[in-house]
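Got the viewer open and a selection box ready? Let's walk through this one stop by stop.

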Amino acid sequence: MYQIIFNRRHPEYRANLAGWEKSRAAYSGGEEYIDSALIRHISEIDVEFAERRRRAYYFNYPRAIAQRITQYVFATPPSRHNANADLVEDFDRSGRRTDEVMRQLSTLLNVYGRAWLWVESPSFEGNPSLEEARETRLRPYCRAVSPFDVTDWSFGDDGRLQWAVVNEQVYCNDDPFGEAFHFRRVRLYCRDHWRIFEKSSSGCREICSGENPAGEVPLIPVTEPDGFGLFSRHWFEDVVRISEAILNNESEAQMNVVKQMFGMLVVSDAFFRGARQLAGKDNTGFASTVARSAAIVESAEEKGISRYISPGGVASSVIRSENLALKKELYDVVGLAVQNQSREAQTAESKEWDFQNVCQFLTARADILEQAELTAWKLMNRFDPAVLVPEVTYNRKFAVRDLTASISGLLQLSGLNNSEEFSRALDQAAAELLCTLAPLGSETRNRLFSNTNSNKQ
């Protein structure tokens, strides 16, 4: 009867599942991902490809990019004025602070282009006191959820979620002397109620249900508007594709180095025929496979001289140069490239353009996270009115400028005009530059600017 709830998949979920799985594998890295991403070329025999696969290593650029965006956004912690201190320190009821949960959401958004915030409150009976509620942590909480877990959903005519399905893999090991087991569980959230279903070997059944005190589906969809909002694929899939090209190029470059060290044996055709006749008499083996680990046979009309050959060093250097170019393009396409290979060779105009490129990218991400977190606080307030909705503000000033050039420019400007108003504006610009490097509290910031203004009077 309830089997359909376990099999529901939203069209967006079905369309993006393969890409999400590939992005997850690339972010995770490791031997399993190398085995799946390494490409075997046509002329490569089993033994050679097996050796190349064992030697392969992976520069995990996808994870570095996803984490770097998050690190930039949270380099200055968000401000949460009037936030509940307990919730700030334990936002997901598992010990993670609010910043940590939002970092998870940011990284999920980087990797998949879609993520969710899940707001819940533990069930309880009776009317516990404030002390009992604090000891047992009977309060709302919020968790970051990957797109794999929310399998289907529906929006109503008002643009709000009408219902959503959350899949869970439950591992039960409560009894240390009993056998542990896994089972599937599905939560159906509607605006006015919720239901939990469980699937085991005996079938699917509803195990519990209840009213939804929030009055709305406690899931917050978070997407990149430039991706799914335009019905396009997520940019991280291109990151993975370029990263796979670097992986395969680097693997070939490594094997070229091995070939240069050991070389390949070339023997004359006459020697080969004699060896084969000898092998037929005393069962002595002689390799005749064309591969790096075997011999290549030449006829007497050719050189006819037994020797070792190996690829030149130029081949490896060309591959490494190609990988450096791919890495540069990788960061440039994502929007994280701040400079060219040589900072000195860059013009002031291109530096400023790169700065604006990175800042706009990070500012857009801060807007998305700020709105998602604020919505989560409002949902928790619906579960428990004692939870105040704080003023949430994310940093939108990112210190990615060339510090030396900025200071030099301010010093040069100081000699253009000696008026008090112009000098005051320069001092304020210098103070703003200081704030981007070392974020200051509002009191310190106001005192700094007031001292700056008073010194000019």
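Start with the whole thing shown as a surface: the accessible area of the protein comes to about 26,200 Å², and 51% of that belongs to carbon and sulfur atoms. Keep in mind that you're looking at a predicted model. Of the 457 residues, 39% count as buried.

Now switch to cartoon view. You'll find 15 helices and 13 strands. If you turn on contacts between residues at least 6 apart in sequence, 69% of them join residues at least 24 apart.

**Stop 1: the largest core**

Which residues have the most contacts inside the largest nonpolar core? Select Leu105, Leu117, Val119 and Tyr394. The core they belong to has 58 residues. Next, colour helix 12, residues 348-383: the largest share of this core, 12 residues, comes from there. As general background, nonpolar side chains in soluble globular proteins tend to be buried together.

Zoom in on Tyr394 and show what surrounds this residue. Leaving aside neighbours within four places in sequence, Tyr394 touches Val73, Phe74, Pro78, Arg80, Met102, Ala366, Leu369, Glu370 and Glu373.

There is also a second, separate core, made of 13 residues. Pick out Trp116, Val150, Ala164 and Val217, which are among its members. Hold on to Trp116, as we'll come back to that residue.

**Stop 2: an open sheet**

Select strands 4 to 8. These five strands form an open sheet in the order 4-5-6-7-8, with antiparallel pairing. Where are the edges? Look at strand 4 (150-155) and strand 8 (203-211), each of which pairs on one side only. Ignoring direction, neighbouring strands of the sheet are turned by 20 degrees against each other on average.

For a closer look, show the backbone of strand 6 (residues 181-190) and strand 7 (residues 193-200). They pair in the antiparallel sense over six bridges. Click on Leu188, then find Arg195 in strand 7 standing opposite. In general, strands of a sheet pair through backbone hydrogen bonds, either parallel or antiparallel.

**Stop 3: rings**

Show the aromatic side chains next; the structure holds 13 aromatic pairs. Try Tyr57 and Phe59, with ring centres 5.5 Å apart and planes at 65 degrees, so this pair is edge-to-face. Are these two buried or exposed? Tyr57 counts as partly exposed because its relative accessibility is 32%, and Phe59 is partly exposed too, at 39%.

Now return to Trp116 and add Trp153. Their rings also form an edge-to-face pair, 5.2 Å centre to centre with 65 degrees between the planes. This pair links distant parts of the chain: Trp116 sits in strand 2 (residues 114-120) and Trp153 in strand 4, 37 residues apart. Trp116 has 0% relative accessibility, so this residue counts as buried; Trp153 is buried as well, with a relative accessible area of 5%.

One more selection here: Tyr13, Trp20, Tyr112 and Phe148, which ring pairs link into a cluster.

**Stop 4: two loop residues**

Finish in the loops. Between strand 1 (79-81) and helix 6 (85-89) you'll find Asn82. Asn82 has a positive phi of about 70 degrees although it is not a glycine.

Then follow the chain to the loop between helix 6 and helix 7 (98-112), where Arg93 lies. Arg93 is not a glycine either, yet has a positive phi of about 65 degrees. Is Arg93 buried, exposed or in between? Arg93 counts as partly exposed because its relative accessibility is 24%.

Key: Residues are numbered from 1 along each chain as its sequence is written. This is a predicted model: local features need pLDDT of at least 70, side-chain atom pairs count only at pLDDT 80 or more; totals for chains, interfaces and linings use all residues. Side-chain values use heavy atoms; hydrogens and water are left out. Helices (H or I, at least four residues) and strands (E, at least two) are DSSP runs, numbered from the N terminus. Buried means under 20% relative accessible area, exposed over 50%, partly exposed in between (1.4 Å probe, protein chains only). A nonpolar core is a set of buried Ala, Val, Leu, Ile, Met, Phe, Trp, Tyr and Cys residues joined through side-chain atoms within 4.5 Å. Contact means heavy atoms within 4.5 Å. Accessible areas come from the Shrake-Rupley method with a 1.4 Å probe; for residues, only the protein chains shown count as cover. Two strands pair if DSSP finds at least two bridges between them. Axes are lines fitted to C-alpha atoms, for helices over the stretch in contact, and angles run from 0 to 180 degrees between N-to-C directions. Rings of Phe, Tyr and Trp (its six-membered ring) pair if their centres lie within 6.5 Å; planes under 30 degrees apart count as stacked, over 60 as edge-to-face and the rest as tilted.
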